[in-house]
Each structure stands twice: as structure tokens, then as C-alpha cells.
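Visitor: I'd like to learn how to read a protein model. Could you walk me through one?

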Amino acid sequence: MSISAKIGIVTKGLIISYAVTGVLLSLLAFLVYRFGLEENITDLSITAIYVIVTFLGAFFVGKKVKERKFLWGFLLGFFYIVIISLVAIALGQAFDVASTANLSTVALCIGGGLLGLTRQTKCNPNT
């Protein structure tokens, strides 16, 4: 499989991740509105959504790409959080790269991308 095909698959994985993000964040917004969830619960939920969607996106990528899956899962998680961060900056939100919360979110998104690939590894005693 060519590099351009793999990049296309990662792009589709990102699109899937962002679509699911939109649905889950809309659901979270409804829950915050309806039940008045506290800020710490909301922040934790947003981070959990990021990890879940990068896991799902990487799972999709891993099903399609058969070699060097960890690289592509890493790239999916990395580009997911980079694009989210760039959109936040473009919308005028303050962004501190060295913030512990931002660094941990980056690590969790990349970890979600890598974790989505490990769920596909199966032991085959015949190999």
C-alpha cells in the first residue's frame, strides 16, 4: 500500500473521529444544560471524549493499514489534537503549549491512537 493511500486512510480516520467528537460534545452540552454539570466533570468528560474518538479513529486506521500500524495510530492522535488546538487558537482561545493540562491531553490523544491499534493484535500460534 502506498504512502498516499495510508495518508488517505488516516484522513478518513480523522474525519470519523471529528464526526464522533461532534456528536459526543453535543450530547455533553445537552447534559451540561439539562443537569448543570460542574466544570471539573465537564473538563474530564471532554478529555475522555478525545481519548475515545482517537481510539475509534485509530481502530479504523488499523483495520485498513496492515503495516507499521503504531506509526499511523500515533499520527492520527497527533494530528487530531493539533487540529483541535489550531481551531481553538483561531477562535481566540488562549493556548499555553507548556500547560500541564494541554500536555496531558496531547499524551492521552496520542495514547488513544496507539491503544486503538493494540486492540487488533491477535495471537496466532501458527505463525
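Guide: Sure, let's begin with E67, which is partly exposed because its relative accessible area is 41% (buried means under 20%, exposed over 50%, partly exposed in between, with a 1.4 Å probe and protein chains only). This is a predicted model, where local features need pLDDT of at least 70, side-chain atom pairs count only at pLDDT 80 or more, and totals for chains, interfaces and linings use all residues. Residues are numbered from 1 along each chain as its sequence is written, and side-chain values use heavy atoms, leaving out hydrogens and water.

Visitor: Which side chain does E67 meet in a salt bridge?

Guide: Side chains of opposite charge can pair when their charged atoms come close. Here E67 meets K6, at 2.6 Å from N to O; the rule asks for a side-chain nitrogen of Lys or Arg within 4 Å of a carboxyl oxygen of Asp or Glu. K6 sits in helix α1 and E67 in the loop between α2 and α3, 61 residues apart (helices are DSSP runs of H or I, at least four residues, numbered from the N terminus).

Visitor: Is K6 buried or exposed?

Guide: K6 counts as buried, because its relative accessibility is 5%.

Visitor: At what angle do α2 and α3 pack?

Guide: Two packed helices are described by the angle between their axes and the distance between the axes. Helix α2 (residues 39-64) and helix α3 (residues 69-90) pack at about 140°, with axes 9 Å apart. The pair is therefore oblique (under 35 degrees is roughly parallel, over 145 roughly antiparallel, 65 to 115 roughly perpendicular, and the rest oblique).

Note on methods
Axes are lines fitted to C-alpha atoms, for helices over the stretch in contact, and angles run from 0 to 180 degrees between N-to-C directions. Helices (H or I, at least four residues) and strands (E, at least two) are DSSP runs, numbered from the N terminus.
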